[in-house]
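Trainee: Before we use this model, could you take me through the terms in its annotation and show how each one follows from the values?
Mentor: Let us look at the model together and set each value against its criterion.

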Amino acid sequence: MPSRQRLFLVIVVLLSLNLAVVAAEKKSKETKTSEPSKPSYELPQPAVENLDLTMYQRIREEGLQHSHIMEYASGLMDGIGPRLTGSPNLQKANEWTRDQLTAMGCSNAHLEDWGEFGIGWRQLNTWVRMSAPDTAVFIAQALPWSPATHGAVSGNAVWVDAKDEKDLEKYKGKLEGKIVFFGPMRDVKPVDKPLFKRDDDSDLKKIEEFPVRVGERQEFFQEFIRRLEFREKAGKFFAAEHAAAIVVPSRDGRDGGGSGGTIFDDGGSGMGWFTYQRQHAEELPIVVMAIEHYGRVYRLLKANVPVTIEMDVETEFTGDHQHGFDTIAEIPGTDPKLKDEVVMVGGHLDSWASGTGATDNGAGTIVAMEVMRILNALHVQPRRTIRVGLWTGEEQGEFGSYGYVKQHFGYVPLSTAPDQLELPDFLRKPAGPVVVKPDQEKISGYFNLDNGSGKIRGIYLQENAAIGPIFEQWMRPLADLGVTTITMRNTGGTDHEAFDSVGIPGFQFIQDPLDYGSRTHHSNMDLYERLQPDDLAQAAVVEAIFVYNTAQRDQMLPRKPVPHPELDEQRNAPLKNVMPGAQAASEEMKKPGF
Ligand SMILES: [Zn+2]
């Protein structure tokens, strides 16, 4: 660069620096006079909530007298069907929800890509029968991402009794062309309690109590991981031995619900957790069978009676690198000062494959859609923007909600320790520090529904104490609908956790359990008939009121501080010099196992 030009540049830079200083001074004077640069959730909250009871009445009337929720239910569950992440059906559901949200009057309905998921798959047909020593038709379905048999196959059944790799050795050279029955027979107890249950006062009282557990946390999932690792190895072993297919027994549900024709087809039954990724894919066709049918074959084999099984698993892979998408839509805010702030509502759109995902989580999806329909039908002009998010990839690790939160609000870096890298993300330890984006300050709260078809009985505060008195006031006019319970408890296992993880108030409602844990959660019986229209209409009304109140109040909802997982180790370390008379530990004593 010639020197004269350089001098010119220096002058320009000095001048603009000077201007910047003047501008900054001016700005700081301005902010001093007009004060609130703090987000409103940090200001003191009013003691009394300003409730619009006319709007309560209008939402109740629209949602209870003019409900359309079961039309959405039939469209999604009957019209589209199961919605496994990565499947063509889920893509249809993303597009259908987007178009329905547009049709009801929402703005900006669109799909957002949260990243690559893995294999696209669908089941076309599955049948399994016994052809010797007797004939029998069995209840069974392909596990998600099972390869096809490519036509009917027939083979002798072998029960493989193996708890670890060593146990597998004795089957070497004995499995070629065989149908492997993998897993011990479990107890099938009489179903002597109702599969369908509502929370009574004593149940709700229990939920209200906060469980205190001081001390070491149980590494409950270690066993879960060890089991999945072994299953992946066993799956590879059966394939290397050229077995024809694998049959696994269905697990149980609450109170013996996993019987009587109900089978569960979730990830725990597969030969590993990541079977939706090509490098971990199931190598053999695999079906899950009703426990009583599995039991018959099991007892025959134990008594050394040869059993012949015939089966046809007709499945189709529809891609190896399918992306996942969330459906997003809005009712724009109208208050000039608050319209850039947001309240969100949602549930997950994806399901497992053997039913139609009616209660998990068709229910949460159609309730969120009905919330938006009610608010559109009433032509509300919310102060803040109301946004719905229908997530996918929830069943494999809440991918859609975490992906959305990461793109818009922030994320928690996860531990990269070698043992942690092998775990599914939702089991990995948060490492922190939490990375927060500017929009994190603009979202007041997120409301989620994903505990089945049961009506709303209250809300989990997720340990956000400051919000208790607010929700209590909101709920008082809803007591006649059965909404009475507030608990400081955390609840997990669904998409509000993504928001909570970066310090955004995220909530899941307390719902009546019904037959969710016993029969419908991840089962072939998760069908339209298990949806309770009255419960769903109630849930839509309650959720709409929570969303509306959040959009209208002067301040954003109070929040917990952003978590600091990076400080956990230090905060949990034992205090020093507490024990009187204790001598400093010698080097020898510091060794592990001393
Ligand atoms: Zn769910």
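Trainee: Why is the arrangement of the four donor atoms around the zinc ion called irregular?
Mentor: This is a predicted model, and in it the four donor atoms subtend angles of 51 to 141° at the zinc ion. A tetrahedral label would need all angles to lie between 85 and 135 degrees, and a square planar one would need opposite donors over 155 degrees apart. The range of 51 to 141° satisfies neither criterion, and therefore the arrangement is irregular.

Trainee: Which atoms are counted as donors of the zinc ion, and how do you know that they qualify?
Mentor: The zinc ion is coordinated by NE2 of His-348, by an OD atom of Asp-360 and by two entries for OD of Asp-450, at 1.9 to 2.6 Å. Because the cut-off for such N and O donors is 2.8 Å, these atoms count. Water is not among the atoms, so the site may look incomplete.

Trainee: What makes the site a link between distant parts of the chain?
Mentor: The donors follow the spacing H-x11-D-x89-D. Asp-360 belongs to helix α9 (residues 358-377), whereas Asp-450 sits in the loop between β13 (443-448) and β14 (456-460), and the two are 90 residues apart.

Trainee: Are Asp-360 and Asp-450 buried or exposed, and how is that decided?
Mentor: Buried means under 20% relative accessible area. Asp-360 has 3% relative accessibility, so Asp-360 counts as buried, and Asp-450, at 5%, counts as buried for the corresponding reason.

Trainee: How many cavities does the search of the whole structure find, and what lines the largest cavity?
Mentor: The search finds six cavities of 30 Å³ or more, and the largest cavity holds about 90 Å³ of space. Its lining has 14 residues, of which Trp-145, Asp-266, Gly-267, Thr-275 and Trp-352 are the closest to its centre. By class, six of the lining residues are nonpolar, five polar and three charged.

Trainee: How do you know that the lining of the second largest cavity has four charged residues?
Mentor: The second largest cavity, of about 80 Å³, has among its lining residues Glu-232, Lys-236, Glu-282 and Glu-283. Because Glu and Lys belong to the charged class, these residues fit the division into four nonpolar, two polar and four charged. Helix α7 (residues 221-240) gives the most to this lining, with three residues.

Trainee: Which element gives the most to the lining of the second largest pocket?
Mentor: Again the answer is α7, with five residues. This pocket holds about 500 Å³ of space and is lined by 21 residues, with Phe-182, Gly-183, Pro-184, Arg-227 and Arg-231 lying nearest its centre. The elements that give two or more residues are β4 (153-160), α7 and β6, and the lining divides into nine nonpolar, four polar and eight charged residues.

Trainee: What makes β3 and β6 count as partners of strand β7?
Mentor: At least two bridges are needed for two strands to pair. Strand β3 (residues 140-142) meets β7 in the antiparallel sense over three bridges, while strand β6 (residues 245-249) pairs with β7 in the parallel sense over four, so both pairs satisfy the criterion. Ala-142 has Val-287 as its bridge partner in β7, and Pro-249 has Met-289. Along β7 (residues 286-289), Ile-286 and Val-288 point one way and Val-287 and Met-289 the other way, and all are buried.

Notes. Residues are numbered from 1 along each chain as its sequence is written. This is a predicted model: local features need pLDDT of at least 70, side-chain atom pairs count only at pLDDT 80 or more; totals for chains, interfaces and linings use all residues. Side-chain values use heavy atoms; hydrogens and water are left out. Donors are N, O and S atoms within 2.8 Å of the metal (3.2 Å for Na, K and Ca); water is not among the atoms, so sites may look incomplete. Four donors count as tetrahedral if all angles lie between 85 and 135 degrees; four count as square planar and six as octahedral if opposite donors are over 155 degrees apart and all others between 65 and 115; anything else is irregular. Buried means under 20% relative accessible area, exposed over 50%, partly exposed in between (1.4 Å probe, protein chains only). On a 1 Å grid over the protein atoms alone, a cavity is a set of points where a 1.4 Å probe fits but cannot get out, and a pocket is an open set with protein on both sides within 12 Å along at least five of seven lines; lining residues have an atom within 4 Å of a point. Grid points are joined across faces, edges and corners, and a volume is the space filled by probe spheres set on the points.
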